[in-house]
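User: Please take a close look at one part of this protein, the space enclosed in its interior, and then work outwards to the elements around it. Plain prose is fine.

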Amino acid sequence: VHSTLCYLVIVLAVMVAHMAVSSQAGRCACAGQRPSSRHGMGSSLRLVACHATPAAASSSSSSAPSTSGRNASARGGDDLGSNKVPVAMTMTADVYAYLLKHTREPEVLAKLRAETASVHGSHMQITPEQGQLLALLVEVTGAKKAIEVGVFTGYSSLAVAMALPPGGKLVALDKDAGTMAMARRYWQEAGVADKVVDMLGPALDSLNKVLETEGPDSYDFAFIDADKRVYWQYYELLLKLVRPGGLIVVDNVLFYGKVADPNVTDKATAALRDFNERVMKDERVSLSIIPVGDGVALCRKR
């Protein structure tokens, strides 16, 4: 009987200690974290508990909790405190399908996207939510003149041209005559061919020609989605062409996540890393990089 009572006392002591630790962990859990159901992520989101230290235990309850893992990785080691988990960090197929379901894609754009799926290099086409974003940006900026570097089969140019007001103009630059012909066909079908001026040939030559004929500060909006190794040169020429207050949108700045992987060293990835570092420090523009599509940099000329 004595040994049984001792055993029960030990078990109860362990249980009490466990409850105390659990209670402390609960108080230390990262504040501000939303339940996973809010983001539609199911079990893919995890609450990150804070490790209590003697110093932390004695500090004021109003002090910000420390976090590790999720927040540290989000900023390369910087502590973001108790910020919410961005949905981009745990995007699932179901969530992306939900996003597409709530993306306004005109029928002609959906038709173009379906046809492009059978074209070599179809992965180069922007996503529907990017097309919707481009159209919205054209409307918000009140753009009347736009220029695009890299047309491919025409999805982005069509989205932009359809958003331009009557009398608006889009200059579309590409060196591939085959895909440009497909783009022309859809501009015509959508009834915006009169807004689009296409230029075949190396984009740098075409940009210099436009700058020479139309002069600086002559465009409201620009979109770059072409040779990644030449992004900075495109950007510099467009900074001359776009007016103060105008917008330069740059695609692929996250490049399938390769820019964040130091083991990836191909020329395109290295060029995008260089672009991102340089534009981050460029005081000539206001900047926001957003995780839409393959990563988009929004650069407003000051």
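Analyst: What follows starts at the cavity and moves on to strands, helices and two loop residues.

The model is a predicted one. Rolling a probe the size of a water molecule over the atoms shows where empty space is left. Here the count comes to one cavity of 30 Å³ or more. The space in the largest cavity is about 30 Å³.

Which residues line the largest cavity? Its lining is made up of Gln 130, Leu 133, Leu 134, Phe 223, Val 249 and Val 296. Helix α7, residues 128–141, gives the largest share of that lining, with three residues. Sorted by class, five of the lining residues are nonpolar and one is polar, while no charged residue takes part.

Phe 223, one of the lining residues, sits in strand β4. Is Phe 223 buried or exposed? Its relative accessibility is 2%, and because buried means under 20%, Phe 223 counts as buried. Phe 223 also has a partner distant in sequence: Ser 157 is 66 residues away along the chain, yet the two C-alpha atoms are separated by 9.0 Å.

Ser 157 leads to helix α8, where Ser 157 is among the buried residues. Helix α8 covers residues 155–163, and eight of its nine residues are buried, so the helix is largely enclosed by the rest of the structure. Besides Ser 157, the buried residues of α8 are Tyr 155, Ser 156, Leu 158, Ala 159, Val 160, Ala 161 and Ala 163.

Val 160 of this set links α8 to another strand. The C-alpha atom of Val 160 is separated by 9.1 Å from that of Glu 148, with their positions 12 residues apart along the chain. Glu 148 belongs to strand β1, residues 145–149. Glu 148 is buried as well, with a relative accessible area of 1%.

Helix packing is the next topic. Two packed helices are described by the angle between their axes and the distance between the axes. For α8 and helix α9, residues 177–190, the axes come within 10 Å and cross at roughly 25°. That angle makes α8 roughly parallel to α9, since angles under 35 degrees count as such. The crossing in which α8 passes α9 is right-handed.

A second pair is formed by α10 and helix α11, the latter spanning residues 231–241. Their axes lie 10 Å apart and the packing angle is about 15°. This makes α10 roughly parallel to α11. The handedness of the crossing of α10 and α11 is left-handed.

Helix α11 is largely enclosed by the rest of the structure, because eight of its 11 residues are buried. Those buried residues are Tyr 231, Trp 232, Tyr 234, Tyr 235, Leu 237, Leu 238, Leu 239 and Leu 241.

Strand β7 also deserves a look. It runs over residues 296–301 and holds Leu 298; Val 296 is one of the residues lining the cavity. Leu 298 is buried, its relative accessible area being 17%, a value to set against the cut-off of under 20%. The C-alpha atoms of Leu 298 and Leu 287 are separated by 5.7 Å, and the two residues are 11 apart along the chain.

Two loop residues remain, both picked out by their backbone angles. Most residues other than glycine have a negative phi, and most peptide bonds are trans. Asp 217 is not a glycine, but its phi is positive, at about 55°. Asp 217 lies in the loop between α10 (203–214) and β4 (219–224). Its relative accessibility of 40% makes Asp 217 count as partly exposed.

Tyr 256 likewise has a positive phi, near 60°, in a residue other than glycine. The loop that holds Tyr 256 runs between β5 (242–251) and α12 (267–280). How accessible Tyr 256 is follows from its value of 54%: Tyr 256 counts as exposed, because the cut-off for that class is over 50%.

Methods:
Residues are numbered from 1 along each chain as its sequence is written. This is a predicted model: local features need pLDDT of at least 70, side-chain atom pairs count only at pLDDT 80 or more; totals for chains, interfaces and linings use all residues. Side-chain values use heavy atoms; hydrogens and water are left out. Helices (H or I, at least four residues) and strands (E, at least two) are DSSP runs, numbered from the N terminus. Buried means under 20% relative accessible area, exposed over 50%, partly exposed in between (1.4 Å probe, protein chains only). On a 1 Å grid over the protein atoms alone, a cavity is a set of points where a 1.4 Å probe fits but cannot get out, and a pocket is an open set with protein on both sides within 12 Å along at least five of seven lines; lining residues have an atom within 4 Å of a point. Grid points are joined across faces, edges and corners, and a volume is the space filled by probe spheres set on the points. Ala, Val, Leu, Ile, Met, Phe, Trp, Tyr, Cys and Pro count as nonpolar, Asp, Glu, Lys and Arg as charged, and the others, Gly among them, as polar. Axes are lines fitted to C-alpha atoms, for helices over the stretch in contact, and angles run from 0 to 180 degrees between N-to-C directions. Angles under 35 degrees count as roughly parallel, over 145 as roughly antiparallel, 65 to 115 as roughly perpendicular and the rest as oblique. A crossing is left-handed if the near helix is turned anticlockwise from the far one by less than a right angle, and right-handed if clockwise.
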